[in-house]
Amino acid sequence: MGNVYIALLHHPVYNKRKDVVATCITGFDLHDIARSAATFGVKKYFVVNPMPAQREFASRIFDFWQDEGSLEFNWTRAEAFKLISIKADLDEAIKEIEAIEGVRPKIIATSAKGEEKRLESRNLRLEIRNANSPYLILFGTGWGMTDELLSRADAILEPITGNSAYNHLSVRAATAIILDRLLGD
Ligand SMILES: C[S@@+](CC[C@H](N)C(=O)[O-])C[C@H]1O[C@@H](n2cnc3c(N)ncnc32)[C@H](O)[C@@H]1O
């Protein structure tokens, strides 16, 4: 089964010019990634954004899908939304996992770039299966997580490659593929 948490980071990430920026939360990142998280048994989906107005935006959508009427209207969406936890920074997410699990999670970053030594998905899959300890898998927005953020991870997962030189997936597609590789039946 695995003891896996995921986080979507909106800061610190790069923009097109490689400036360090904070990106905005999008509705479809909340909906689509929450559904993938629920499908693959992820314990929590942290949406991390330092901007209070952005967290307020996400909270309003979250609250809407938790009320009785929404539950009755679309229970599969409401069920997936229960996994969302909105945080200001990565440390808050790590703290919440530590409070639940009693230990720090092993942090695994993801990236489309594959230059340096990367952890193979099949090895991480085995590791997760054989461990009770928690894992936190990080996903980026914008032009990807900064080098400083990537360096906080215990390992960086090998990139997804298809059968062409192009591999710039949306974060929603990348999350679904990676969760299937690591936790799929
Ligand atoms: C750079 S963001 C792009 C966000 C984009 N604006 C969107 O709408 O999805 C995409 C994130 O998805 C993941 N990702 C994308 N392509 C990937 C690949 N080929 N291998 C591994 N992870 C990938 C990484 O976490 C990356 O930071």
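A residue counts as exposed if 12 or fewer other C-beta atoms lie within 10 Å of its own, and as buried if 20 or more do. By that criterion K18 is exposed, because 11 other C-beta atoms lie within 10 Å. The structure described here is a predicted model. Its open sheet consists of six strands with parallel pairing, and 17 residues surround the ligand.

**Sheet architecture**

- The strand order in the open sheet is β5-β4-β1-β7-β6-β8.
- The edges of this sheet are β5 (84-87) and β8 (155-156), each of which pairs on one side only.
- Strands of a sheet pair through backbone hydrogen bonds, in either a parallel or an antiparallel arrangement.
- Strands β1 and β4 run parallel and are joined by four bridges; the bridge partner of I6 in β4 is Y45.
- Four bridges also join β4 to β5, again in parallel, and F46 stands opposite S85 in β5.
- Strand β6 (residues 106-109) pairs with strand β7 (residues 135-139) over four bridges in the parallel sense, and A109 has L138 as its bridge partner in β7.

**Helices across the sheet**

- Helix α1 (residues 27-39) lies across β1 (4-9), β4 (45-48) and β5, and runs at about 155° to β4.
- Helix α8 (residues 171-183) lies across β1 and β7, at about 155° to β7.

**Burial and the nonpolar core**

- In a regular strand the side chains alternate between the two faces of the sheet.
- Strand β4 is covered on both faces: Y45 and V47 on one side are buried, as are F46 and V48 on the other.
- The largest nonpolar core has 46 residues, of which A7, V47, L136 and L138 touch the most other members.
- Leaving out residues up to four places away in sequence, L136 touches Y5, A7, A93, I94, I97, P105 and I107.
- Y135 is found in strand β7 and is buried, because 23 other C-beta atoms lie within 10 Å.
- Beyond its neighbours within four places in sequence, Y135 is in contact with N3, V4, Y5, P105, K106, I108 and I128.
- Y135 and Y14, 121 residues apart in sequence, have C-alpha atoms 24 Å apart in space.

**Ligand surroundings**

- Among the 17 residues that surround the ligand, the closest are A112, G140, L169, S170 and A174.
- The shell around the ligand comprises nine nonpolar and eight polar residues, with no charged residues.

**Loops and backbone features**

- N132 lies in the loop between α6 (121-130) and β7.
- N132 is exposed, because 8 other C-beta atoms lie within 10 Å.
- N132 and N3 are 129 residues apart along the chain, and their C-alpha atoms are separated by 6.5 Å.
- P12 is found in the loop between β1 and β2 (13-14), and a cis peptide bond with omega of about -10° joins H11 and P12.
- K18 is found in the loop between β2 and β3 (20-21); K18 has a positive phi of about 70° although it is not a glycine.

Notes. Residues numbered from 1 in each chain as written. Predicted model: local features only at pLDDT ≥ 70, side-chain atom pairs only at ≥ 80, totals over all residues. Core = buried A, V, L, I, M, F, W, Y, C linked by C-beta atoms within 7 Å. Contact = placed C-beta atoms within 7 Å. Near = placed C-beta within 6 Å. Nonpolar A, V, L, I, M, F, W, Y, C, P; charged D, E, K, R; others polar. Pairing = 2+ DSSP bridges. Helix = DSSP H or I, 4+ residues; strand = E, 2+ residues; numbered from the N terminus. Axes fitted to C-alpha atoms, helices over the stretch in contact; angles between N-to-C directions.
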